[in-house]
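User: Please take a close look at one helix in this model and at the charged pairs that hold on to it. I would like one connected account.

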Amino acid sequence: MVTESLLRSPSGVRSYGIGGVDLVNYDNIDIQYGTFLPWNPCYRIWWHVTALSALLTAFLTPYQIAFEEDLGFFKQSADLLEKVLTLIFTVDMVVNFNVAFFRDDEFVCRRPQIAREYLSYMFWVDVVGVIPFGDIAHFVADQLGASSETMLVLSLLQLSRLIRLYRIKKLFQELRNNLCVNLLTFTLLRNFLVVVVACHVQACIMYFLARAQHFGKDTWLGPFLYKSESSF
């Protein structure tokens, strides 16, 4: 017996499938030149690239904020990778102006309507995710001669990049509803990933708080940094 399920793609477009195979009649959909459907194989690969990039953002952004003063190899590599991720999400904004969507039991494939729908909300969410608020604030503050404490607080503006994580939520929804994915395996991997990200963010927060207090003896790093002094 074959079970039919209603699958939702990351863009919110609905399609009926059996075992993850689409049953939509492609011939009945009028596609404007230059636009494509959400289940287009090339677009699906691209969308998963953006989802992976969003996951990397969850690790990179807290690290960059916490270790901003570190000029070592890892910090420089993280900064370079962030520039690559920003480029990916910027290109994705252009791509989203050409992706058909589902509305009122029909596909909208005309670019003006797609653009109007995207500009109504999600475009501005994506804009927040690519504008380097932290870098802009640091540049302005540096020109005004701001103190190091001010620069430290302004670095928190980089947290705006985490708005990209909505793609991870959509990816989880897609995998949960996919009949080809074992639900138990998916749940275990999802929960494991959430724990790993939460531990990473918590560790970066703890280091950031110690740095905000100049790694004083009262911070959690104090006993380690001043261990040699206290032994005499």
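Analyst: Helix α2 covers residues 73–96 in this predicted model. Its 24 residues should span 34 Å at 1.5 Å a residue, and the C-alpha atoms at its ends are 35 Å apart, so the two values agree.

Which residues of α2 are buried? They are Lys75, Ala78, Glu82, Leu85, Thr86, Ile88, Phe89, Asp92, Met93, Val95 and Asn96. An α-helix has 3.6 residues a turn, so residues three or four places apart point the same way. The buried residues of α2 pack against four other helices: α1, α3 (111–119), α4 (122–130) and α7 (166–176).

The buried list includes charged residues, among them Glu82 and Asp92. Side chains of opposite charge can pair when their charged atoms come close. The model has six salt bridges, counted with a nitrogen-to-oxygen limit of 4 Å.

One of them joins glutamate 82 to arginine 161, with 3.6 Å between the closest N and O atoms. Glutamate 82 belongs to helix α2 and arginine 161 to the loop between α6 (148–154) and α7, so this pair ties together parts 79 residues apart in sequence. Both arginine 161 and glutamate 82 are buried.

Another salt bridge pairs aspartate 92 with arginine 167, and here the closest N and O atoms are 3.1 Å apart. Because aspartate 92 sits in helix α2 and arginine 167 in helix α7, the pair ties together parts that are 75 residues apart in sequence. Aspartate 92 has a relative accessibility of 3% and therefore counts as buried. Arginine 167 is buried too, its relative accessible area being 3%.

A salt bridge away from α2 offers a contrast in exposure. Glutamate 117 pairs with arginine 103, the closest N and O atoms lying 3.9 Å apart. This pair links distant parts of the chain, 14 residues apart: glutamate 117 is in helix α3 and arginine 103 in strand β4 (residues 101–103). Glutamate 117 counts as partly exposed at 38% relative accessibility, and arginine 103 is partly exposed as well, with a relative accessible area of 33%.

Returning to α2, glutamate 82 is also part of a network: salt bridges with shared partners join Glu82, Arg161 and Arg164.

Notes. Residues numbered from 1 in each chain as written. Predicted model: local features only at pLDDT ≥ 70, side-chain atom pairs only at ≥ 80, totals over all residues. Heavy atoms only, no water. Helix = DSSP H or I, 4+ residues; strand = E, 2+ residues; numbered from the N terminus. Expected span 1.5 Å × (residues − 1). Buried < 20%, exposed > 50% of the residue type's maximum accessible area, 1.4 Å probe, protein only. Contact = heavy atoms within 4.5 Å. Salt bridge = Lys/Arg side-chain N within 4 Å of Asp/Glu carboxyl O.
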